Amino acid sequence: MSMANYDALPGPADEKIQHNLVGNAVENVVLDIRYAMSRFIAQPLTTMIIIITLALSIGATTAIFSVVNGLLFQATPFKDSDKLVILQQQDLAKQQTYGFSASEMLDYQQQSQTFENMAEYHNMTFTMYGHGDPIRVRTGVVSSNFFNMLNIRPLLGRTFTESEDDIGAEPLVLLTYEFWQSEFDGQQDIIEQSVEFNNRSHKIIGVLPHFPQFPDVNDVYMAIPSCPWRSSEHALSNRGMRMMSGFAKIKPDSSLHDVNSEVATIAKRLSGTYPEAYGENADISATALSLHDELVKGSRPYLYTLLATTLLLFLIASANVANLTLSQHSKRKREFAVRSSLGATKARLAQLLLTESLLLSLLGGGLGLIFAFLGLDFLKGFAANFSSLASEISIDSTVMLFALAISTISGTIAGIVPSFSKINLVSSLKEGGKSSYSTDHGILRNSLLICQFALSLTLLIAAGLTIKSLNNLQNVDVGFSAKNIDIAQVDLNWTVYNNGQQRWQISQQILQEVRKLPYISSSALGMTYPNDTVAGNFNGIRQAIQLDDRDFNPDDVLPDTFVRPVTDGYFDTIDSNLLQGRTFSADDDDKGPNVAIINEKLAKKWWPNDSAINHTISLDQGETWLTIIGVVENIHEAGAAIAPSFQIYLAMAQTPVPHIAILAKHDGNANATFTEDFKDIIARLDNRQPISKFETLQQATDNSVALQRFLAQLLALFSAIALVITISGVGGVMSYMVNLRTREIGIRMAIGADKIKVITLILSYGIKLTVIGVIIGIAGAYFSGNWLSTQLFDISAFDLAIYVTAVTSLLIIATFACLLPAWRASTIPPMDALKQ
């Protein structure tokens with residue numbers, strides 16, 4: 001080693017100096033923390049205002065970020081989740097999406113070169129016996145490799161093996177964690193016990209852990225042979241029976257683009273090989289969709305809107321805290337002048353200010369984290385409306401680091417801003433900490449206040465647009481009335497009621513007994529009802545409808561068309577208007593002519609210049625013809641935000657179904673007794689028949705706008721918090737300005753200014769800042785309104801009434817916030833003011 005290099009190495013003296021520097025820095029920080037704590041105790045009101053302001057904004061932002069992080073940023077809890085996809089087939093010519101038949105699933109498995117694994121899934125509802133009262137159980141039917149592909153390991157027992165996919169294998173069932181806890185009280189000895197499904201004993205072989213289920217939330221899972229539909233000869237041989245969803249895992253060396261290219265090719269090949277299974281002129285393709293994207297489908301716009309809202313709230317709070325910190329800094333000018341005269345450097349003073357502000361922001365962030373914890377269950381309930389991943393939302397290390405980051409950012413900004421000011425030792429010591437408002441960070445303080453006004457107005461207008469959207473939704477004429485209608489859903493046990501005659505007989509008996517209840521004014525049966533969450537599984541029709549007055553085109557499939565069997569009294573019960581013809585009667589049974597009722601939208605589609613009454617249609621390519629006997633108004637079946645679909649109603653006596661809903665209209669005082677009375681009716685008619693669900697039509701309708709209502713409530717809450725923070729900031733800044741201008745005010749009053757002029761002076765200054773903030777806020781609100789108008793129902797980016805209301809409200813509130821300091825200034829005795 002050269003002498004030059006040796007001399008460059010640190011020696012004992014250098015190390016000692018470095019050690020002393022580090023020690024001094026640590027000692028200074030400790031001293032600063034102690035001093036900061038003593039200051040906080042000495043001025044508890046200001047300290048609490050700052051901490052609570054930060055806690056509210058950081059807590060709200062952290063809570064919303066935990067939802068965004070859990071749903072959008074984190075991977076699903078499945079192994080190699082980025083390689084998991086969901087498959088679907090499409091007829092591009094008809095713009096329809098299909099599942100897979102058993103034969104198609106096998107074809108894709110055999111022909112694909114990009115899949116490491118492929119599994120099938122479909123959902124059924126069965127009746128479970130052998131453990132207390134009979135209950136309806138939501139059942140997922142899967143291939144044996146389904147759980148291994150997702151890397152789900154059972155808590156107890158085992159999952160299915162490959163040999164248990166074979167038709168004729170022993171009936172087996174897995175319990176989900178939630179069903180195991182609710183129905184079996186978490187029994188540890190549940191394995192090898194048996195329950196009955198579909199007149200067969202099924203052995204329980206395992207209990208699954210909690211995991212986000214998709215596309216349905218099930219109670220149990222069955223192997224393929226255990227499902228009577230999937231294992232039937234019809235399902236095995238019929239390529240048109242597309243009841244399965246396909247899940248797959250992509251090979252490590254393949255991409256989603258490779259998979260989509262391959263499955264589209266396979267789909268084309270199959271449609272060419274088996275044209276009879278797809279229909280004439282079909283344009284069949286297939287796509288692979290990311291499992292994670294499908295789990296959070298539709299949630300991104302709402303989540304980003306909420307996150308942006310809370311970030312605006314955080315900025316408002318940070319600006320308010322920075323203003324309060326500037327006020328405190330100005331009051332401490334003599335202190336800083338003394339410190340400087342005793343040798344404190346500018347860096348040392350900056351360190352003191354930064355330590356104080358960081359300590360405050362961390363205390364506020366800690367309290368905000370507690371607020372986020374308290375609101376987590378509430379937000380998880382909101383997120384559960386659109387994703388089963390809601391159960392994975394938590395305040396984890398990532399969320400805590402986010403809270404720490406925004407707390408640090410807020411504290412750093414508030415601590416650094418005052419340190420840019422220059423301290424004049426002579427003037428500061430002479431003035432005792434007083435200075436002119438115009439020279440004492442006046443421009444910066446006013447700019448922060450203007451930003452608060454602008455951001456608050458943006459939030460107010462966003463909340464107003466969201467509330468108006470919700471109001472628009474609730475005022476839509478949905479084509480029915482939900483008032484005072486109780487609903488009971490019954491899924492008839494198909495092993496007992498396995499033909500149409502038996503299904504109609506028990507359905508008719510149930511309806512007759514309900515109509516005997518003294519408080520029921522009207523009742524009917526329907527396969528489903530408006531806003532029923534399972535309606536999409538039962539109502540859809542994907543085939544061309546033949547009309548009596550034109551040539552049949554099998555490719556002319558109407559999109560969004562459903563068929564619903566109902567009984568007489570259905571439209572009267574839900575107060576839906578008959579526009580032409582008549583509704584169903586008791587005479588429309590299996591002995592009478594087949595009849596149907598259509599909605600106005602479909603009548604105008606088929607016969608725009610003619611009456612639809614007495615025209616005939618066929619849903620099965622001419623085998624059965626239905627005479628149209630009535631036209632009813634359009635009903636929003638899937639919520640007010642979704643336009644009415646094409647609707648065909650059949651007489652249930654002519655088309656009995658295994659899934660029925662009993663709609664019972666009462667006088668408004670009997671919904672508590674209907675549940676018990678209906679349970680008694682079912683027990684008398686068939687004590688082995690379970691009831692699937694009770695709800696009211698009003699609940700179903702309210703649930704259809706629950707997401708929009710929740711968003712409106714949160715935005716209203718956040719804008720209210722922002723307004724309170726801003727107004728408190730206005731009051732604080734104006735009070736501080738009055739304090740600095742006390743001598744000036746005294747001089748004005750001494751030479752003749754009255755109270756009104758003094759109040760006007762202070763008010764005009766505050767209102768001027770408010771108006772500047774309003775002008776900037778209107779521009780920001782317009783841009784945010786453009787975004788919201790794409791997400792909300794029937795609103796425009798610029799709604800004059802909402803803008804005027806928000807601006808007026810902000811100006812009035814800001815004026816009142818300035819009044820107290822202005823009034824205080826007008827009451828100062830001139831001689832006292834001149835002495836200061």
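1. Let's start with Glu192, which counts as exposed at 51% relative accessibility. That is a narrow call, because exposed means over 50%. In this predicted model, Glu192 sits in the loop between helix 6 (177–184) and strand 7 (194–197). Its backbone is worth a look too: phi is positive, about 80°, although Glu192 is not a glycine.

2. Asp794 goes on the list for a similar reason. This residue has a positive phi of about 55° and is not a glycine. You'll find Asp794 in the loop between helix 24 (755–789) and helix 25 (800–826), and at 57% relative accessibility it counts as exposed.

3. One more backbone item: the peptide bond joining Phe214 and Pro215 is cis, with omega about 5°. Pro215 belongs to the loop between strand 8 (200–207) and strand 9 (220–223). Phe214 turns up again as one of the residues lining the second largest cavity.

4. On to that cavity. Searching the whole structure gives two cavities of 30 Å³ or more, and the second largest has a volume of about 80 Å³. Its lining includes Phe78, Tyr121, Phe146 and Leu150, along with Phe211, Pro212, Gln213 and Phe214. Tyr221, Phe247, Leu291 and Leu295 are also part of the lining. What is the make-up of this lining in terms of nonpolar, polar and charged residues? Eleven are nonpolar, one is polar and none is charged. The polar one is Gln213, because Phe, Tyr, Leu and Pro all count as nonpolar.

5. Now the packing. The largest nonpolar core has 109 residues, and Leu71 and Phe147 have the most contacts inside it. Helix 22 (residues 706–740) supplies the largest share of this core, with 14 residues. Another core, of 29 residues, lies apart from it; Ile487, Tyr529, Phe571 and Phe584 are among its members. As background, nonpolar side chains in soluble globular proteins tend to be buried together.

6. Which residues does Leu71 touch, leaving out those up to four places away in sequence? His292, Val296 and Leu303 are among them, and so are Ala383, Phe386, Ser387, Leu389, Ala390 and Ile393.

7. Ile450 is a good residue to click on if you want a long-range contact. Ile450 lies in helix 15 (residues 442–474) and, with a relative accessible area of 12%, is buried. Its C-alpha is 4.5 Å from that of Gly773, although the two residues are 323 apart in sequence. Besides Gly773, Ile450 touches Leu769, Ile772 and Ile776, not counting residues up to four places away in sequence.

8. Is Ser101, in the loop between strand 2 (96–98) and helix 4 (102–111), buried or exposed? It counts as buried, because its relative accessibility is 0% and the cut-off for buried is under 20%. A polar atom of the Ser101 side chain lies 3.3 Å from the backbone oxygen of Arg239. Ser101 also touches Asn238, Met241, Arg242 and Met244, again not counting residues up to four places away in sequence.

9. Finally, the whole-chain numbers. The protein chain has 26 helices and 22 strands. Of its 836 residues, 52% are buried. Taking contacts between residues at least 6 apart in sequence, 81% join residues at least 24 apart. The contact between Ile450 and Gly773, 323 residues apart, is one example.

Notes. Residues are numbered from 1 along each chain as its sequence is written. This is a predicted model: local features need pLDDT of at least 70, side-chain atom pairs count only at pLDDT 80 or more; totals for chains, interfaces and linings use all residues. Side-chain values use heavy atoms; hydrogens and water are left out. On a 1 Å grid over the protein atoms alone, a cavity is a set of points where a 1.4 Å probe fits but cannot get out, and a pocket is an open set with protein on both sides within 12 Å along at least five of seven lines; lining residues have an atom within 4 Å of a point. Grid points are joined across faces, edges and corners, and a volume is the space filled by probe spheres set on the points. A nonpolar core is a set of buried Ala, Val, Leu, Ile, Met, Phe, Trp, Tyr and Cys residues joined through side-chain atoms within 4.5 Å. Buried means under 20% relative accessible area, exposed over 50%, partly exposed in between (1.4 Å probe, protein chains only). Helices (H or I, at least four residues) and strands (E, at least two) are DSSP runs, numbered from the N terminus. Contact means heavy atoms within 4.5 Å. A polar contact is a pair of N or O atoms within 3.5 Å; within protein, one must be able to donate a hydrogen and the other to accept it, and residues adjacent in sequence count only if both atoms are side-chain atoms.
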